[in-house]
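Here's a walk through one protein chain, taken a piece at a time. Keep the structure open while you read.

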Amino acid sequence: MTQQSVATSDKLDGAVLKVAGVVVLGAIMSILDVTVVSVALPTFQSEFDASYARVAWTMTAYTLALATVIPLSGWAADRFGTKRLYMVALALFTIGSGLCAMADTIGELIGYRVLQGLGGGMLMPLGMTIMTRAAGPHRIGRLMAVLGIPMLLGPIGGPILGGWLIDTASWHWIFLINLPIGVIALIYAQFALPKDAPEPSESFDFVGMLMLSPGLALFLYGVSSLPEAGTFAEAKVWAPMLVGGALVVAFVLYSFRPQHPLLDLRLFRNRSLTIASVTMFVFIIAFMGAGLLFPSYFLQVRGETTLAAGLLMAPQGIGAMITMPIAGTLADRVPIGRTVPFALGLIVVGFFGFTQVDPQTSYWLLGGSLFVMGLGMGGTMMPIMTSALRTLQAQEVARGSTLVNILQQIGGSVGAAVMSVILTNELNGSRPIPGLVDESGKPVTEAGLAIASQQRPELLQQIPVDPSIIERGLDFAATSFANTFWVAFALVVLTLIPAALLPRRRQPAQLDEPQGEQVKTPVVIH
């Protein structure tokens, strides 16, 4: 690949910022889409008459699709050219968004979210490749600050935008909004991105991909089927979990054989990368999984509108906005073993507030908890992964960032599936109301009716019940959320163990040593 001349200045010049504009636009689409959909899950439940575990697949399928294409993007960028592939990714994401808006069933929506994820998964690593080539390895810190913009906008703007669109129009618009942005990004990319110079690249591990992606999907499908089945004895629970688990184990054993495996697990010989990856993986399962439930609590237990739920989530993004730039600066000067445990401690303190929720918990307490969690979040993920990648040799960074990105997406998928299963199982324990069944003939529970009446108060006029039943149902629902948050809280506390092993002394950076090397795909956490 032709290397572009890199200025010795640390400042990002106009040419780099023009390219950055395209990448930021694509990143905003991809990141906003995750957070926008988070407030729509209860809407999908009522719209498609599906369980929470079922509609959570709109998130799980998307993140699994992201994980599938991240390793493919580096090979394909060399083979077909970054500009061409980036525009294909933009087109896939935009087309997938249009199809999602047209979905008539929850199954269709999940399928179209996969297509959307295939495009979205390539946008971030390809965007980082394009920007790193334009700016040069020595300006990666500045680069991360620019890409931090959509990462900060996503948690704040996503829930608010999603809530506003659902309240004022319909859920279809959370996907339709991507169409004009996608078209503008495509036109912008055509004129702003440098011409492609594709060349033959290393072979791609298709065998590994055929084991890992179906393996994860099958395993998570089995887990997500548990609340509906009610027992592990059902074939639709244990069969996919068994086959999926076997495929993942087979992939791990196989991945040490090829010269260029899908995931280079040999990199785990690097202690810093291993500790950082374990810390990140456990944290993502807990925080991202439970994070999907925060808006659901506001909607289903407190009866808020989707816009109000989005606004109530804003303190978390504001907290992250404050600490992310500070953490980026400190990461270059202070060993992360001295800063990250403190940031995780903030998350633990903030998270504790949500383990205490009931139907009347103070919004000041919950808003404060979200703000403190945001402060911790902004000081956690970026420093961990940037530090880990700096300890790798220059030629290992592309594979290391691919490994980290995929672990992040898998952690998000596992977290969404596991937390939704726990919540659904908790809610299923609610007392059934005698003589009351739903359209499918299943008994209606006190918690189920209480949650439904929060979103549709007219139900209480159609179904006259004792007010104490609704009160009891809301108490049960709030306790179900609190119990789920306790599980996530315990996992966040567990991350303090590997975090205590993070380096407490400055490490020699390998990243910048070979000046002629290009860093292909630095990690981006979203």
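## Two helix pairs

Let's start with a crossing: α5 passes α9 in the left-handed sense, meaning the near helix is turned anticlockwise from the far one by less than a right angle (clockwise would be right-handed). Helix α5 covers residues 82-101, and its axis comes within 9 Å of the α9 axis at roughly 165 degrees. Here axes are lines fitted to C-alpha atoms, for helices over the stretch in contact, with angles from 0 to 180 degrees between N-to-C directions. The two helices α5 and α9 are therefore roughly antiparallel, a label for angles over 145 degrees (under 35 is roughly parallel, 65 to 115 roughly perpendicular, the rest oblique). On the α5 side the contact uses K83, M87, L90, A91, F93, T94, S97 and G98, and on the α9 side N178, L179, G182, A185, L186, A189 and Q190; contact means heavy atoms within 4.5 Å.

A word on where this comes from: the model is predicted, local features need pLDDT of at least 70, side-chain atom pairs count only at pLDDT 80 or more, and totals for chains, interfaces and linings use all residues. Residues are numbered from 1 along each chain as its sequence is written, and side-chain values use heavy atoms, with hydrogens and water left out.

Now for another pair. Helix α16 (residues 336-354) packs against helix α17 (residues 363-378) at about 160 degrees, their axes 7 Å apart, so α16 and α17 are roughly antiparallel too. The crossing of α16 and α17 is left-handed. Among the residues making this contact are A343, G350 and F354 of α16, plus L366, M373 and M377 of α17.

## The chain overall

How many helices and strands does the protein chain have? There are 23 helices and 2 strands, where helices (H or I, at least four residues) and strands (E, at least two) are DSSP runs numbered from the N terminus. Of the 526 residues in the chain, 56% are buried, which means under 20% relative accessible area (exposed is over 50%, partly exposed in between, with a 1.4 Å probe and protein chains only).

The accessible surface comes to about 21,300 Å², and 65% of it belongs to carbon and sulfur atoms; areas come from the Shrake-Rupley method with a 1.4 Å probe, and for residues only the protein chains shown count as cover. Take the contacts with a separation of 6 or more: residues 24 or more positions apart account for 83% of them.

## Nonpolar cores

The largest nonpolar core holds 123 residues, and those touching the most other members are F44, Y86, L109, I174, F175, F351 and F485. By definition, such a core is a set of buried Ala, Val, Leu, Ile, Met, Phe, Trp, Tyr and Cys residues joined through side-chain atoms within 4.5 Å. Helix α4 (residues 57-80) supplies the largest share of this core, 12 residues. A second, separate core has 7 residues, including I433, V444, A450 and L474.

Beyond four places in sequence, F44 touches V37, D49, V55, T58, L109, W171, I174 and F175. One of these partners, D49, sits in the loop between α2 (41-48) and α3 (52-55). D49 counts as exposed because its relative accessibility is 60%. The phi of D49 is near 50 degrees, a positive value in a residue other than glycine.

## Buried spots and helix starts

Is helix α14 (residues 293-300) largely enclosed or largely open? It is largely enclosed by the rest of the structure, since 8 of its 8 residues are buried. Those residues include P295 and L299, and both turn up again with T306. That residue lies in helix α15 (residues 306-331) and is buried at 5% relative accessible area. T306 and P295 are 11 residues apart along the chain, with their C-alpha atoms 8.1 Å apart. Past its four-place neighbours, T306 touches V39, T43, P159, G163, I166, D167 and L299.N178 lies in helix α9 (residues 178-192) and is buried, with a relative accessible area of 5%. Leaving out neighbours within four places, N178 is in contact with M29, D33, F93, T94, S97 and Q116. M381, in helix α18 (residues 381-390), counts as buried at 3% relative accessibility. M381 and A276 are 105 residues apart in sequence, yet their C-alpha atoms are 9.2 Å apart in space.
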